[in-house]
Amino acid sequence: MKLLLPIISLLLLTSTVHAQQQHGSLNGVVTTKDGNPVAYVTVSLKGTSYGAATTDKGHFRINRVAPGTYTITVSAVNIQPQEKQVTVEAGQNETVNFELNINRTQLKEVMVNARTNSVKMDNPSQSLRLQEPLIEVAQNIQVVSNQSIKEQQIISMSDGIIRNVSGAVRLEHWGDLYTNITMRGSQVKAFRNGFNVVSSYWGPLTEDMSFVDHIEFVKGPAGFMISSGDPSGLYNVVTKKPTGQHKNEFSYTMGSYNLNRASLDLDGKLSKDGKILYRLNLSGQNKNSFRTNEFNDRYAFAPVVSFQVDDNTKITAEYTYQRAHMSDVGSYYVFSPFGYATYDRTLSALPAGLKPTIINDHSFTVNVQHQIDENWKLTAQAAYYLYNQDGSSMWADSVEADGKYYRNTGIWEAKSTMSLGQVVLNGKVTTGPVVHKILTGIDMGNKKYVADYAQTHSLDTGAAPFDPFAPGLTLDNPSNGYPVFDHTLSLEARAANGYGIINSRYSSFYLQDELGFFNNKVRLTLAGRYTYINQADFGTVSEAKRFTPRIGLSVSIDDYTSIYALYDQAFTPQAGAVSVGKLKPLTGNNTEVGIKRDWMEGKWNTTVSVYRILKENELTADPNAPANSGLSIVFGQRRAQGVEFDLRGEILPGLDLTANYALTDSKVSKVNPGVSEATGIKVGDVVPGYSKHVANAWLTYKLRTGKLRGAGISGGFTYLAGRETDTWSVGLQRLPDYFKLDGGLFWEGNKLRITVNAFNILDKYLFSGSYYSYINAYYYQAEAPRNYRLSISYKF
C-alpha cells in the first residue's frame with residue numbers, strides 16, 4: 001500500500017500539469033439517414049486515445065484535445081466505420097456531424113451491442129429477448145462487460161466475475177469445475193446465450209473467458225426466459241459474435257504458480273460484401289496451484305460464422321469446444337476437528353498418483369433472426385450440448401480427534417447431452433394512445449445426465465491415516481494404494497445401478513404484453529408462462545404442469561430516472577431420495593421494487609432494489625447424512641429478503657468505477673411436520689449458503705493526455721460479513737469476516753496493452769468452509785496467498 005501512494009500522486013500531478021495547457025474540443029451528433037439518433041457508438045480521433053461514446057440522443061463531445069489536425073472516426077459493432085478530417089484549434093470548439101447509411105436492423109444491433117468498450121452496458125443482449133434499454137426493464141439486471149473482464153484479468157467464469165455484481169457469492173466446493181453462484185440466498189441457474197445449460201446439480205463446465213463477450217445477471221425470477229428455475233435468478237453468458245470489423249487480438253498472460261496462458265481472437269469478413277462474417281477464438285492454458293500436485297490445464301476452440309441472407313434475415317452458426325485436464329476436484333479442501341484455518345494454507349491431501357480428471361465439452365448452436373417488418377422480429381435457435389467427464393472426487397471417510405483422517409476417492413465418470421430449442425417473436429402494436437410491446441415464444445429441451453459416482457476407494461488404512469501435520473509421510477504413498485475402478489459395465493448400466501441418472505424434458509409457452517402509456521413513460525407488463533416438466537433423479541420421477549404469472553410496472557420520472565415494481569413466480573419439479581418430508585415441486589415468488597438512474601448523460605448509472613422471496617417445499621441436503629449419500633429433506637418454507645445497490649460507469653473522465661453492496665437475510669419461515677424432531681431445523685434458523693453483507697468495488701483511472709497518456713492504475717476489494725456455511729451444522733466456530741484487496745498498473749496504446757495485477761495484496765489467510773456433524777470436523781478451502789499476473793495484449 002505504501003508503494004501505491006506515490007504512484008497515485010505522480011498520476012494526479014501529471015494530470016494537473018497538462019490540465020493547465022490550452023486545448024480545444026469537439027462535439028457533434030450521429031444520426032441515420034432518416035434522422036434517427038445513433039446511440040452509444042464510439043467516436044474517436046484516429047491514432048490517439050481521444051474518444052467518447054454518443055448519448056442516447058446521438059450527441060458526443062470530446063474535451064481537452066491538443067491543437068492539430070485529426071481523422072475523426074465513428075465505429076460500432078455491425079456498421080462500417082466513417083471518417084472525416086477535422087482541425088482543432090486552441091480554445092475553440094469544432095462541430096462535426098455524421099450521417100450513417102445503416103438500416104433499422106443494423107441500428108437495433110448497434111443499440112444491443114452498445115458500450116462494449118465500457119464497464120457500463122445499457123442494453124441487454126438479444127438472447128435475453130427484451131427489446132428495450134435496461135433502465136426501462138422492470139427488474140434488476142446487472143451486466144459485466146468485456147472491458148471489466150479484461151481490466152480484472154479474469155480468465156474463467158469462476159475467477160472473480162462475481163465481484164462485479166451486488167450480493168453474488170460462490171460456494172467454492174467444486175473449485176474450477178463449475179461455477180456455483182448464490183444470489184438472494186440461493187444458487188442461481190447458469191445460462192449461455194439464452195439457454196438453460198444446467199443438466200445436473202453440478203452445472204456446466206466453467207466457461208473460459210476467451211470466447212465470452214459479457215455476462216448478464218438477472219436478479220429474481222425471469223419468467224421471460226424460463227419459469228422452471230430458482231426464484232433467486234440466473235446468469236447468462238453471452239459469447240463473442242462476428243462484428244463485421246477487421247480486428248484481431250493476441251493476448252498472453254503469465255503469473256504465479258506457473259500460469260501460462262495464450263488466447264487469439266480473430267474477427268473479420270469471409271466475403272467482400274460483408275454478408276458472411278467470422279469470429280474465431282482460441283485459448284490454451286497451463287496452471288498449477290499453491291497446493292501440492294494440483295493443476296488446471298484448459299484449451300478452448302470457438303469458431304462462429306454469420307450469414308446476412310438479406311437486409312432482414314441473418315443466420316449465425318456457433319461451435320464451442322472446451323477441454324479440461326485437471327487434478328481431482330476434491331483436493332481443494334482439508335478436514336480438521338480443531339476448527340477453520342488450523343493448518344498451513346498450502347496443505348494438500350492430493351496424492352500425486354491419483355488419475356487426473358479429463359473433460360471434453362462440446363456445444364453447437366444455430367440462430368436465425370428475421371425482421372418480418374418494421375415492428376415484428378422472429379428469432380429461432382437450436383443447440384446441442386455434449387459433455388464427457390472421466391475423473392474422481394476426494395472426501396474424508398472419518399476424522400480422528402488428533403486431526404489425522406482417512407482419505408476417500410470416488411469415481412466421477414459422467415456424460416451429459418442436451419437438445420434445446422427456442423422460437424421467440426417480438427413485436428409492437430398501437431391501439432390508440434397505448435403502445436403494446438409483444439413478446440411470445442416457446443422453449444423446449446431434453447436433457448440427459450448419466451454418471452457413475454457410486455464406486456469409492458479408501459486411500460488410507462486404519463494403521464496409517466493421512467497426517468495433515470506431517471503430510472510428506474503419507475501424501476503420495478497412501479497406505480491402501482490407489483483405486484482401480486470397475487469399467488466392465490457401460491456407464492449407463494453403472495449409473496442405473498448407482499442412482500446416477502438425471503433426466504429432464506420440458507416445454508413451455510410464454511406470452512407478454514408491455515403496455516406503454518404517456519409516450520412510453522409508464523410501462524405495465526402483464527405476462528404468463530405455461531410449463532410442463534418431467535424430471536427423474538435418484539430413482540424417482542416427478543412431473544409438473546404450472547402457469548406462472550408475471551406483473552411489472554416501470555415509470556420513467558425523466559429521461560435518466562425510472563422506478564419499478566415486479567411480481568414474478570418460478571417453480572421446478574424436484575426429484576431425489578427424501579429422508580424427511582414429502583416430495584413436491586419447488587415453488588417461489590419474488591416481490592421487488594427499485595429505482596434506476598443514469599448520471600452524467602448516461603456515463604454511469606446506479607440501481608437500488610428491495611426484494612422479498614418466498615420458497616416452498618425446498619429440498620436441502622440431510623444434515624445427518626454423509627455428504628455423498630444423496631439424501632435430502634423437505635424442510636418447509638424459506639424467506640429471503642434484502643437490499644441491493646449497484647454503481648458502474650465512468651464517473652469522471654478517465655475514471656471508471658464498479659461498486660456494489662447487498663444486505664441479504666435468508667431464514668426458515670415455516671417447518672414441515674417431523675423436520676424439527678429429525679434434524680433440529682426450526683423457524684427462524686438461518687438458511688445456509690450466503691453472506692449477510694457483501695460489498696465490492698473496482699476502480700480504474702487512466703491518463704488521457706500528456707507523456708504518460710494511456711497509463712493507469714486499478715484496484716478493488718471484496719468484503720463479506722455474516723458469512724453462513726453451506727451446511728445446516730454450523731459447529732462451534734463461525735466463518736470470520738472476509739476482506740480481499742487486489743490492484744495493479746496498466747498501460748494502453750492504440751494496439752498494445754500491458755496489465756499487471758497483484759491479488760490478495762494483504763496476503764491474508766482467506767478461506768470458506770463448513771462443519772460436518774457426521775464426521776465431527778470442519779472442512780475448509782484456502783485461497784491463494786499473494787499472487788501476480790502479467791498480461792500483454794496486441795491488436796492487429
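## Cavity, strands and cores at a glance

The second largest cavity here has a volume of about 180 Å³. Keep in mind that this is a predicted model. A search of the whole structure turns up 10 cavities of 30 Å³ or more. Below is a quick tour of that cavity, the strands around it and two nonpolar cores.

**The second largest cavity**

- Lining this cavity are 19 residues, and the closest to its centre are Ser 199, Gly 203, Pro 204, Leu 205 and Tyr 387.
- Two elements, strand 24 (377–399) and strand 25 (405–431), give two or more residues to the lining.
- Strand 24 supplies the largest share, with 4 residues.
- Sorted by class, the lining has 12 nonpolar, 5 polar and 2 charged residues.

**Strands 23, 24 and 25**

- The two lining strands, 24 and 25, also pair with each other: they run antiparallel, with 22 bridges.
- If you want a spot to look at in that pairing, Leu 386 has Thr 417 of strand 25 as its bridge partner.
- Strands 24 and 25 make a hairpin with 5 residues between them, where Gly 403 takes a positive phi near 100°.
- Strand 24 pairs with strand 23 (residues 357–371) too, again in the antiparallel sense, over 14 bridges.
- Here Ile 359 is matched with Gln 389 in strand 24 as its bridge partner.
- Strands 23 and 24 form a hairpin as well, with 5 residues between them.

**On to strands 26 and 28**

- Strand 25 is joined to strand 26 (residues 434–452) by 19 bridges, and the two run antiparallel.
- These two strands form a hairpin with 2 residues between them, and Gly 432 in the turn has a positive phi of about 65°.
- Thr 431 has Val 434 of strand 26 as its bridge partner.
- From strand 26, 16 bridges lead to strand 28 (residues 501–517), in an antiparallel arrangement.
- In that pairing, Ile 442 sits opposite Phe 509 of strand 28.

**Nonpolar cores**

- In soluble globular proteins, nonpolar side chains tend to be buried together.
- The largest nonpolar core has 50 residues, and those touching the most other members are Met 157, Ile 161, Ile 181, Ile 215, Phe 217, Phe 224 and Tyr 235.
- Strand 15 (residues 212–219) gives the most to this core, with 4 residues.
- Leaving aside neighbours within four places in sequence, Tyr 235 is in contact with residues including Met 157, Ile 181, Ile 215 and Phe 217, along with Lys 189 and Glu 216.
- Apart from the largest core lies another one of 42 residues, among them Ala 396, Tyr 405, Phe 767 and Tyr 778.

Terms used: Residues numbered from 1 in each chain as written. Predicted model: local features only at pLDDT ≥ 70, side-chain atom pairs only at ≥ 80, totals over all residues. Heavy atoms only, no water. 1 Å grid on protein atoms, 1.4 Å probe; cavity = no way out; pocket = protein on both sides within 12 Å on 5 of 7 lines; lining within 4 Å. Points joined across faces, edges and corners; volume = space filled by probe spheres on them. Nonpolar A, V, L, I, M, F, W, Y, C, P; charged D, E, K, R; others polar. Core = buried A, V, L, I, M, F, W, Y, C linked by side-chain atoms within 4.5 Å. Buried < 20%, exposed > 50% of the residue type's maximum accessible area, 1.4 Å probe, protein only. Contact = heavy atoms within 4.5 Å. Pairing = 2+ DSSP bridges.
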